[in-house]
Amino acid sequence: MLIHQYLHQLKLCARNRTLTTAKSLHAQIFKLGITQCIPLANTLVNVYGKCSAASHALQLFDEMPHRDHIAWASVLTALNQANLSVKTLSMFSSNSGLLPDDFVLSALVKACANLGSIHHGKQVHCRFLVSEYSHDDVVKSSLVDMYSKCDSPDSAKAVFDSIRVKSTISWTALVSGFAKSGRKEEALELFRNMPIKNLYSWTALISGFVQSGKGLEAFSVFTEMRRESVDILDPLVLSSIVGACANMAASIAGRQVHGLVISLGFDSCLFISNALIDMYAKCSDVVAAKDIFSRMRPRDVVSWTSLIVGMAQHGQAEKALDLYSDMVSHGVKPNEVTFVGLIYACSHVGFVAKGRELFQSMREEYGIRPSLQHYTCLLDLLGRSGLIDEAEKLIRTMPFPPDEPTWAALLSACKRQGKGQMGVRIADHLLSCFKPRDPSTYILLSNVYASASLWGKVSEARRKLGDMEVRKDPGYSSVEVRKETEVFYAGETSHPLKEEIFGLLKKLEEDMRRRNGYVPDTSWILHDMDEQEKEKLLFWHSERSAVAYALLKGVPGSPIRIVKNLRVCGDCHVVMKHISEITEREIIVRDATRYHHFKGGKCSCNDFW
């Protein structure tokens, strides 16, 4: 009778996640000398797992003289919930002498899903197929989820088709897998065929589209969900759609979603607020990002880091560093992303000593092992500051093989600092040891060789660019004007305001030539054509049309915000600086790699990107 009472109380602790009460009951059970009662021991392991006390669950499990399937399933589940899935797999494979049952198999599959390890997942799948539980639908649902998370939607579909009674959970996992893999039509068809849809099904489809870069599709599904009057009882779907706004820099839609967040009462939710900070920063509205941050209570490392990175990306290095000081003083420990943002910020203002100090502190004070991205940021800082030899030493001694962008960053620094011989040597290495995939790398190589009058190598670089046989996405720029978004494509001549746009751009170009001595830099055009045709191509780059349109139709004096899908070319960068000075307007351009704030003839990137 006493054991049944303790079992009942422990199950209440598991349901309510009351760790303190569970520990008290455990102490009483220990004093009574009944800890070896298998049902009590198994229940205690389960309770500690549910209360996020995996270390207690593991210790108790290790002390158990007899471990049955229930004990194994409980401790493995506890480890999974504590993000110790590596321990889950290693512990079972090295210590288990029993054949896994359906609950243990589900826990092992879950560990593989958490790790994204399809290799281990297939091994567990094989054990499942030869076991007496090979027809268990719950394990099969776990396998569908695992294959979906490992980007193997076809394998997920094969397992799904073998399930006799398909639950909403298995349907949702499959939809998520196809959506995350970018297979839009199949994901939508599966979703339409779902017999029962709930909020989590809608969320899986929306978040999958966001993760695969299909923001417009995510918005379309979200709009349909709202039309279907699906109650948003969990804010995860809002976090996903805010992320879509951030990825597309869709500030108008982002503000509308922000309004929905407030109306539904989720504005105090920590991860929603963090997502909103990131969204406003990526939409070039750091004032709104700071406003949300200032009103947040509590704030975690993601909150601080999101604003620090946002400030750094927009060239506000001093503010980013001040935020870091405040963060540390509040007792918040920085993470890997924090240091990427901080070193990146230092590189834009030439704070070499500070950058080195931060790089050292991440290892010595916080035990964070620098990644290739951290080394690339430090390399960028050294290159910008003219410390080319030190930058090359860093690239040759870092514990990672440098990739194409890393060498290209060093080569760009050589070009900027006038290190011709070194630039040619780095260019030769890049060309011979890599097969560059970024067209801008070939442009850089061509310009370095041209500066050294190595015309044969210029031809080789341009020939290799022509041989890439990679379809280049058409360049386009979007601009928000009076709560409407207008999109312009490179070379577009069919816009209703074509004549007005052409006239304004022509006038601005004449002013630039007269006031600033502007001459178009046609080296950014690699097509085989005469100079006049190259200048014409530059003239109709999409961001120029977007700027002209905003000047014609926008609110006078307001900032012009442009999003471009490709990198801004060097000539357009010069043009934007001149236009900002001539028109006395701030122009903010988010391109494929960074943010540019043009104001008074200068850019926040300090002419390096």
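Visitor: Which residues are linked with Arg-183 in a network of salt bridges?
Guide: This is a predicted model. Its salt bridges number 22. In one network, Arg-183 is linked with two acidic residues, Asp-154 and Glu-186.

Visitor: How far apart are the closest N and O atoms of Lys-149 and Asp-145?
Guide: Both residues sit in helix 9, residues 137-149. They are four residues apart, so about one helical turn separates them. Lys-149 is partly exposed, at 36% relative accessible area. The two form a salt bridge, and the closest N and O atoms are separated by 3.3 Å.

Visitor: Which residue forms a salt bridge with Asp-161?
Guide: Asp-161 lies in helix 10, residues 153-161, and is about one helical turn from its partner. Asp-161 is partly exposed at 46%, and the partner is partly exposed at 27%. The closest N and O atoms are 3.0 Å apart, and the partner is Lys-157.

Visitor: Is Asp-511 buried or exposed?
Guide: Asp-511 forms a salt bridge with Lys-507, with the closest N and O atoms 3.5 Å apart. The pair is four residues apart in helix 29, residues 498-516. Lys-507 is partly exposed, at 49% relative accessibility. Asp-511 has a relative accessible area of 10%, under the 20% cut-off, so Asp-511 is buried.

Visitor: How many disulfides does a search of the whole structure find?
Guide: A disulfide needs two cysteine sulfur atoms within 2.5 Å. The sulfur of Cys-13 is 6.7 Å from its closest cysteine sulfur, in Cys-51, which is too far for a bond. The sulfur of Cys-269 is 16 Å from its closest, in Cys-245, again too far. The search of the whole structure gives zero.

Visitor: What is the relative accessible area of Cys-269, and is the residue buried or exposed?
Guide: The cut-off for buried is under 20%. Cys-13 meets it at 3% relative accessibility. Cys-269 also counts as buried, with a value of 16%.

Visitor: What does helix 16 reach from its first C-alpha to its last?
Guide: Helix 16 covers residues 251-263, which makes 13 residues. At 1.5 Å a residue, the expected span is 18 Å. The model comes close to that, with a reach of 18 Å.

Visitor: Which strands are included in what covers the buried residues of helix 16?
Guide: The buried residues of helix 16 include Ile-252, Val-257, Leu-260 and Val-261. Their cover includes helices 14, 15, 17 and 18. Strands also take part: strand 1 (476-481) and strand 2 (484-489).

Visitor: Which residue with a positive phi follows helix 16?
Guide: Most residues other than glycine have a negative phi. The residue after helix 16 is a glycine, with phi near 80 degrees: Gly-265.

Visitor: Where does Arg-482 lie, and what is its phi?
Guide: Arg-482 is in the loop between strand 1 and strand 2. Arg-482 is exposed, at 56% relative accessible area. Lys-483 lies in the loop between those strands too, is exposed at 73% and has a positive phi of about 65 degrees. For Arg-482, phi is positive as well, near 50 degrees.

Visitor: What is the area of the nonpolar surface patch made by Tyr-476, Val-487 and Tyr-489?
Guide: Val-487 belongs to strand 2. Val-487 is partly exposed, with a relative accessible area of 35%. Together with Tyr-476 and Tyr-489, Val-487 makes a nonpolar patch of about 260 Å².

Visitor: Which residue does a cis peptide bond join to Arg-297?
Guide: Most peptide bonds are trans. Here omega is about 0 degrees. The partner is in the loop between helix 18 and helix 19 (301-313). The residue joined to Arg-297 is Pro-298.

Visitor: What separates the C-alpha atoms of Val-301 and Pro-496?
Guide: Val-301 is in helix 19. Beyond its neighbours within four places in sequence, its contacts include Met-327, Val-332 and Thr-338. Pro-496 is 195 residues away along the chain, and the C-alpha separation is 48 Å.

Visitor: What percentage of the residues of the protein count as buried?
Guide: The protein has 32 helices and six strands. Its C-alpha trace spans about 95 × 55 × 50 Å along the principal axes. The accessible surface comes to about 29,400 Å². Of 609 residues, the buried share is 51%.

How values were computed: Residues numbered from 1 in each chain as written. Predicted model: local features only at pLDDT ≥ 70, side-chain atom pairs only at ≥ 80, totals over all residues. Heavy atoms only, no water. Buried < 20%, exposed > 50% of the residue type's maximum accessible area, 1.4 Å probe, protein only. Helix = DSSP H or I, 4+ residues; strand = E, 2+ residues; numbered from the N terminus. Expected span 1.5 Å × (residues − 1). Contact = heavy atoms within 4.5 Å. Patch = residues over 30% accessible without salt bridge, like charges linked within 9 Å, V, L, I, M, F, W, Y side chains within 5 Å. Areas by Shrake-Rupley, 256 points an atom, 1.4 Å probe, with all protein chains shown as cover. Salt bridge = Lys/Arg side-chain N within 4 Å of Asp/Glu carboxyl O.
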